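Q: Please take a close look at the salt bridges of this model. I should like one connected account of the pairs, the exposure of their residues and the surroundings.

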Amino acid sequence: EALGELDAAISEGLRMSSCMYPYEFWATYLQSSRFNNWQEKYGLSYGDLQVAGTSERLDEQSYLDALDANLLTAAFAIPESDIIEGFAAPFMMIGSDAILEPSHNNHPRSTGCFSRTLGLYAREQGVVSLVDALAMMTVRPAELLALGTPAMERKGRLQIGADADVTVFDPLTIRDRSTIANPAQESAGVVHVYVAGTPVRTAGANDRSALPGTAVRSRFA
């Protein structure tokens, strides 16, 4: 229904966009409004919840403990059919809204979002082509953000004049390794990474001393 409304709006000439996570769960902090009346609203039980950075599903007492600590908690509430349908939308992008923190109370999308798309849904399940999957995480977001941020016109594509931000991966082995229980896992199959032409990962090894990234500011900043 949501995809249909977006498509209709785009057909009317409105500029609309949408992004999704390639996971069968969403996650946020338990004291956020999204968890208000969560059992009734989403039809979930305690066993459908898992605190990020742990391996066990919750019960009533562990839920109350996690609520008191306001921990980031995953809710298994997204049918895979919704994800597959989302990949077919020509305006869809892949979101990776997460920060990897030392506490490991993080969503695995902080480390595995894009490699999961390429490995699970493009290669293993074939629900999206490799080219379309790459577009959903590179040129589509860059084109959207370029409307207010001219610097993004040099991002998300391989061409003369672009910023030389390049990830070299093996399409036969690329795959996420991060999980809810252990989100701080590097993906398989990522060979080299260049930022502004400077290598920050070479032959599978990271160079943490290389810090070539620069801020990307909008024209409204």
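A: **Salt bridges and their setting**

Glu124 is partly exposed, with a relative accessible area of 45%. The model is a predicted one, and in it Glu124 pairs with Arg123 in a salt bridge whose closest N and O atoms are 3.5 Å apart. Arg123 is partly exposed as well, its relative accessible area being 30%. This pair therefore joins Glu124, a partly exposed residue, to Arg123, whose accessibility falls in the class between buried and exposed.

The pair belongs to a wider arrangement: Arg116, Arg123, Glu124, Arg175 and Asp176 are linked in a network of salt bridges. Within this network, the side chains of Arg175 and Asp176 meet at 2.4 Å, N to O. Asp176 has a relative accessibility of 9% and so counts as buried, because the limit for that class is under 20%. Arg175, at 22%, counts as partly exposed.

A further salt bridge connects Arg201 with Glu186, with 3.1 Å between the closest N and O atoms. Arg201 lies in strand E8 (residues 198-202), while Glu186 is in the loop between strand E6 (166-169) and strand E7 (190-195), so the pair ties together parts that are 15 residues apart in sequence. With a relative accessibility of 9%, Arg201 counts as buried, whereas Glu186, at 41%, counts as partly exposed. The count of salt bridges comes to eight, and those described here are among them.

Two residues with hydroxyl side chains may be added for the setting. Thr117 has its place in helix H5, which covers residues 109-124. The relative accessibility of Thr117 is 0%, which means that it counts as buried. Leaving aside residues up to four places away in sequence, Thr117 touches Pro22, Phe87, Ile94, Ala122, Ala133 and Met137.

Ser18 is found in strand E1 (residues 18-20). This residue also counts as buried, with a relative accessibility of 16%. The contacts of Ser18, again without residues up to four places away in sequence, are with Leu6, Phe91, Met92 and Met93.

Taken together, the account comprises a network that includes Arg123, Glu124, Arg175 and Asp176, a pair between Arg201 of strand E8 and Glu186 of a loop, and the buried residues Thr117 and Ser18.

How values were computed:
Residues are numbered from 1 along each chain as its sequence is written. This is a predicted model: local features need pLDDT of at least 70, side-chain atom pairs count only at pLDDT 80 or more; totals for chains, interfaces and linings use all residues. Side-chain values use heavy atoms; hydrogens and water are left out. Helices (H or I, at least four residues) and strands (E, at least two) are DSSP runs, numbered from the N terminus. Buried means under 20% relative accessible area, exposed over 50%, partly exposed in between (1.4 Å probe, protein chains only). Contact means heavy atoms within 4.5 Å. A salt bridge is a side-chain nitrogen of Lys or Arg within 4 Å of a carboxyl oxygen of Asp or Glu.
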